[in-house]
Amino acid sequence: MAATAPRPANSNAAARALPVAATPMMAQYWSLKDKAGECLLFYRMGDFFELFFDDAKAAASTLDIALTSRGEHDGQPVAMCGVPVHAAESYLARLIRAGHRVAIAEQIETPAEAKARGGSKALVARDIVRFVTAGTLTEESLLEGRSANRLAALAQVGDEVAIAAADISTGRFEVVAVPAAAVDAELARLAPSELLLSESAEELPISSARQIVRRPSSDFSSTSAQKRLETFFGVQTLDGFGQFGRGEIAAMGALVAYLDHVGTGGPTFLQPPLRHLASGRMAIDAATRESLELVRTMIGAGAGAREGSLLGTIDRTVTAAGARLLADDLASPLTDKGAILDRLDLVDGLARDALWRGELRAALRALPDAARALGRLVAGRGGPRDLAQLRDALGGARLLREHLARRADLPPLLAHLLPGLDGHGALVDELARALIETPPVDAAQGGYVAEGYDHALDALRETARDGRKAIASLEAQYRDRTGIASLKIRHNGVLGYHVEVPAKHADALMAPESGFTHRQTLAGVVRFNSSDLHEAASRVTQAGVHAIAAEAAHLEALTDAAIGRRAEIAASCDVLARIDVAAALADHAMSHNWCRPDLADEPCLEVTGGRHPVVEAALAKSGERFVPNDVSLSEADRLWLVTGPNMGGKSTFLRQNALIVVLAQAGGFVPAATAKLGLVDRLFSRVGASDNLARGRSTFMVEMVETAAILAQATPQSFVILDEVGRGTSTYDGLALAWSVVEAVHEVNKCRCLFATHYHELTRLAETLDALSLHHVRAREWQGDLVLLHELAEGPADRSYGLAVARLAGVPAGVVKRAEAVLAKLEAGREKTGGLAAGLDDLPLFAATLAAAPEAAKDALREALGAIDPDALAPREALDALYTLKHLLADEA
Ligand SMILES: Nc1ncnc2c1ncn2[C@@H]1O[C@H](COP(=O)(O)OP(=O)(O)OP(=O)(O)O)[C@@H](O)[C@H]1O
């Protein structure tokens with residue numbers, strides 16, 4: 001049953017007016033809805049935001065709140081639902097998470113103002129004050145602290161495709177130009193919550209944006225974009241930020257235009273755009289990111305979660321900004337040896353000194369998320385609490401710098417970063433003097449400026465305090481005078497301060513000579529005013545109003561001072577995050593026995609005692625031990641063909657080595673006893689069958705598209721893991737393809753590669769390919785049970801154990817028994833066709849090389865095939881193979 005949004009007890013839904021046809025309110029509603037476009041319109045009516053028509057239906061179903069209908073429009077009841085204003089944030093959060101965008105229409109004048117303007121029937125003016133969209137959130141309550149939240153815009157000008165991406169909550173702004181084929185990979189790295197595309201842009205095969213928003217093509221024109229960006233950043237020319245291509249300018253301009261649109265003109269904080277240099281980074285395509293689950297999981301019920309990903313498993317950062325940076329680092333490993341060594345040295349230094357690391361982490365843990373506080377302040381949505389966060393974070397940064405400066409053996413990267421923590425002394429001191437320890441989030445009620453900061457403000461507060469004391473003593477006096485012990489002086493928003501007595505005592509105060517003036521009679525009580533009270537109350541109110549105004553002026557000045565230093569503050573936040581990441585990686589490395597990787601100049605990957613961090617952590621939970629494995633790839637032995645039973649640990653072995661490469665090049669330690677690697681320029685992973693039916697591709701099609709990309713792009717510096725290529729199609733087509741893919745990787749790409757397969761037949765490739773070697777994951781049958789050892793050994797697997805695994809998996813005994821009989825028949829069939837080529841084992845080899853076979857051999861084969869009774873080979877796969885060969889022969893003919 002649908003839950004109803006909690007409504008205050010005094011709310012009367014039926015009494016709330018409705019925008020029915022032809023009323024001025026209806027006209028107002030429609031004109032606002034027009035402005036809101038596809039966004040749900042939150043239409044403010046008193047204490048509620050109301051939604052109507054389709055908006056109401058969509059919101060009610062997402063929020064699981066009651067959908068009602070009132071009045072009529074075009075003969076139909078008007079659907080409506082509402083959320084109370086005081087709880088709007090949590091409803092907004094749920095709508096945004098569900099993929100909606102929301103336009104907030106507020107009352108922009110009071111009913112009294114409306115009346116003064118247009119008489120008693122005048123409608124309160126409303127306007128859209130803000131759009132809340134997934135990519136433009138700044139509210140702490142709507143954001144996940146430990147993840148970046150990006151808005152991206154994609155523009156194509158000529159051959160150039162550019163992506164601009166901004167995290168509005170911190171102001172980080174980057175732009176990158178990539179070939180069209182790499183767009184998806186780049187978007188997978190950025191994982192924007194909202195992606196802006198021109199309404200005239202063609203459909204792109206994009207899998208990595210949560211929400212796509214089409215914007216007018218004029219937003220993407222590079223000429224107007226240039227002007228827009230110059231105005232936005234308040235500069236004469238963008239040249240000071242670097243040289244940007246037309247596509248980059250168009251993308252950045254479209255992003256800024258959208259910010260203008262959703263912020264309805266309000267300021268937004270963006271740092272000057274940084275060009276992301278794809279050249280210094282490891283290329284990782286979208287499919288590889290998905291299959292390696294670097295920062296999010298991709299499969300199962302928890303898809304999209306941090307938990308269960310590499311990031312979720314190793315993240316020990318103690319600040320939200322650190323967590324966001326670690327996600328970026330893992331998503332974008334480096335290829336510059338010097339830069340990686342710098343990071344490694346820092347992690348190493350912190351790893352060696354546990355005490356120092358502990359101190360640093362404790363100091364960092366206490367620091368608030370200044371980057372996001374700054375984002376809110378600049379966006380005009382900040383408050384006193386945000387300033388206090390800056391004070392505490394920057395004050396902490398100063399102490400940290402002093403502490404670090406005292407160390408003699410500072411790792412070079414840290415020594416280089418240290419000055420970035422400096423320079424906020426004056427601002428921190430000012431904020432420390434100005435604000436109380438824990439100011440309120442909202443400035444409206446005042447009370448956040450510290451005593452002693454402003455003497456005039458102190459005096460106003462003193463006056464208000466005296467007034468309140470005077471009011472308290474009036475209460476005692478009135479009780480004495482009237483003899484009514486239950487007389488009280490109260491305060492509310494309508495009457496202000498007033499005297500309240502129970503109805504039974506009211507007569508005494510009604511008399512004209514009593515000195516009290518009647519104000520209001522309620523069921524049980526009667527309320528009065530008096531001139532003394534009025535006077536004392538006005539003193540309190542006036543002083544209060546002036547004090548709040550004085551505090552607001554200070555808030556504005558302090559906010560301006562902070563904004564004036566926003567670039568420096570943002571830079572300090574980056575330094576803090578970098579230290580946090582290094583300390584977190586060091587901490588995790590130490591507690592899990594990870595090692596510092598060595599970087600070699602030649603393409604190699606030599607790992608002893610390598611482990612898969614995520615599988616290891618999962619096994620540890622149930623008290624199981626992960627079996628470490630070695631790998632040793634070099635130019636002479638660069639392609640390992642790994643066979644072995646299902647569930648034997650092949651995929652795990654492949655992936656753990658890819659993760660070791662990612663971690664090492666992100667500048668961290670790796671889950672191994674020792675590791676040495678030559679830098680990897682591109683990482684590819686084609687693991688398992690990942691359906692993408694949403695994109696209209698079958699499992700096999702996806703597999704082939706991904707394999708094609710690897711064959712086209714992998715270089716001798718690349719590292720490729722390929723798992724069960726060919727599995728998605730009929731056995732022998734698949735085998736033939738796997739065969740030729742291994743050959744191509746070996747002969748053409750010449751990259752380091754781990755290739756796992758169930759096609760035992762592929763092991764024959766070792767006879768012809770020099771740099772290929774055979775390995776298998778060990779298993780043993782023990783008293784009828786299969787024991788998986790998860791241990792890698794040299795040479796091919798002796799057999800496939802498929803039926804034993806089926807038994808382990810709980811396939812009914814009868815079915816396994818039948819499979820054994822079928823297998824026996826198949827093996828018998830193989831013997832029977834012994835004269836055909838070299839038996840079924842050799843058919844795939846034959847198929848793969850058929851084109852090159854001499855005509856005489858083909859004739860012999862044709863003859864042999866004609867002589868076979870296909871029914872003797874009952875199992876489907878054997879028939880499959882024969883028919884495939886027949887077709888191949890027919891094609892050849
Ligand atoms: N080195 C290891 N130590 C301990 N357990 C492991 C190890 N490797 C894998 N496992 C366990 O075995 C399970 C199966 O591993 P994995 O998926 O890698 O096997 P596989 O050989 O690729 O299987 P399939 O061929 O069916 O895809 C893992 O989920 C994990 O629980």
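**Exercise 1.** Find the polar side-chain atoms that approach the ligand in this predicted model. Which atom of the ligand does histidine 758 face, and which does histidine 790 face?

*Solution.*
- Start with histidine 758. One of its polar side-chain atoms sits 3.0 Å from an oxygen atom of the ligand.
- Move to histidine 790. Here a polar side-chain atom is 3.5 Å from a nitrogen atom of the ligand.
- Add threonine 652. A side-chain N or O atom of this residue lies 2.5 Å from an oxygen atom of the ligand.
- Now turn to surface. The ligand alone exposes 630 Å², and the protein buries 79% of that.

**Exercise 2.** Describe the shell around the ligand. Which elements give two or more residues to it?

*Solution.*
- Count first. There are 16 residues around the ligand.
- Pick out the nearest. They are Val627, Met647, Lys650, Ser651 and Thr652.
- Assign elements. Helix 21 (613-621) and helix 22 (650-665) each give two or more residues to the shell.
- Rank them. Helix 22 provides the largest share, three residues.
- Sort by class. The shell holds six nonpolar, seven polar and three charged residues.

**Exercise 3.** Leave the ligand and look at strand 14 and strand 15. Do they pair in the parallel or the antiparallel sense, and over how many bridges?

*Solution.*
- Locate the strands. Strand 14 covers residues 488-492, and strand 15 covers residues 496-502.
- Check the direction. The pairing is antiparallel, over five bridges.
- Take one bridge as an example. Isoleucine 489 has valine 499 in strand 15 as its partner.
- Look at the link. Three residues lie between the two strands, which form a hairpin.

Note on methods:
Residues are numbered from 1 along each chain as its sequence is written. This is a predicted model: local features need pLDDT of at least 70, side-chain atom pairs count only at pLDDT 80 or more; totals for chains, interfaces and linings use all residues. Side-chain values use heavy atoms; hydrogens and water are left out. A residue is near a molecule or strand if one of its heavy atoms lies within 4 Å of it. A polar contact is a pair of N or O atoms within 3.5 Å; within protein, one must be able to donate a hydrogen and the other to accept it, and residues adjacent in sequence count only if both atoms are side-chain atoms. Accessible areas come from the Shrake-Rupley method with a 1.4 Å probe; for residues, only the protein chains shown count as cover. Helices (H or I, at least four residues) and strands (E, at least two) are DSSP runs, numbered from the N terminus. Ala, Val, Leu, Ile, Met, Phe, Trp, Tyr, Cys and Pro count as nonpolar, Asp, Glu, Lys and Arg as charged, and the others, Gly among them, as polar. Two strands pair if DSSP finds at least two bridges between them.
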